[in-house]
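Q: Please take a close look at one part of this model, the surroundings of its ligands, and describe it in connected prose.

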Amino acid sequence: MSKVYAHRDLKICSKDCLCLFVCPTSATNNETGQIDKDTCIGCGACASACPAHAITLLPRKLPPEQAKNEEVLNALKIVITNKIKELTTLRNLIELEEDEIKKKLYQAMYHSFKVIVEDLYRESGYMTLESKKSQEFLTELSHENSDKKDIIKSLLTTE
Ligand code: SF4
Ligand code: SF4
């Protein structure tokens, strides 16, 4: 098995299908739009061919997680909580606003704040699915959402 595999960022992908033509294993030809990790041999042909730079080769085995500073983590938690409150306010403003231009402004702010919150979560130790924090969060979720247990279980790497 190769040390790396290709990952496609669907937000950047322009759907021109060049990666499909160059892939020797048809790993990119997937109904979900994601590259099949198990079929990919990590040759990198798709990443070189992609005009949108939407494909990245990722290591199959991640380096060990670095310890985080508690003080920084606590500060991040406060910023995340405040940003989520701002997102709630913006969602309400979007619903109530009748002026189309203002509505668009609130929508743009909403999306931009969402990206900030995602970044803050990554900085707080949720960078990857395999990270300790993500796994603890998923375990907690599986206890609270029995109807989604199977989906959550498939994301757990520790069980
Ligand atoms: S080559 Fe790049 S832009 Fe084109 S379909 Fe593949 S991932 Fe998307
Ligand atoms: S790295 Fe090679 S095998 Fe993997 S998806 Fe890209 S072209 Fe196909």
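**The ligand surroundings**

A: The shell around ligand 1 comprises nine nonpolar, one polar and three charged residues, where Ala, Val, Leu, Ile, Met, Phe, Trp, Tyr, Cys and Pro count as nonpolar, Asp, Glu, Lys and Arg as charged, and the others, Gly among them, as polar. The model is predicted, so that local features need pLDDT of at least 70 and side-chain atom pairs count only at pLDDT 80 or more, while totals for chains, interfaces and linings use all residues. Residues are numbered from 1 along each chain as its sequence is written, with chains lettered from A and ligands numbered from 1 in the order in which they are written.

Ligand 1 is surrounded by 13 residues, of which Cys 13, Leu 18, Cys 19, Cys 50 and Ala 52 are the closest; a residue is near a molecule if its C-beta atom, placed from the backbone, lies within 6 Å of it. Around ligand 2 there are 15 residues, with Ala 6, Cys 23, Cys 40, Cys 43 and Cys 46 coming nearest, and this shell holds eleven nonpolar, four polar and no charged residues.

Cys 19 and Cys 50, named above for ligand 1, belong to the largest nonpolar core, as do Ala 6, Cys 23, Cys 40 and Cys 46. Such a core is a set of buried Ala, Val, Leu, Ile, Met, Phe, Trp, Tyr and Cys residues joined through C-beta atoms within 7 Å, buried meaning that 20 or more other C-beta atoms lie within 10 Å of a residue's own. The core has ten residues in all, the others being Tyr 5, Ala 27, Ile 35 and Ile 55.

As for confidence, the protein chain has a mean pLDDT (the predictor's confidence in each residue, from 0 to 100) of 91, and 99% of its residues reach 70 or more.

Terms used:
A residue is buried if 20 or more other C-beta atoms lie within 10 Å of its own, exposed if 12 or fewer, and partly exposed in between; C-beta atoms are placed from the backbone.
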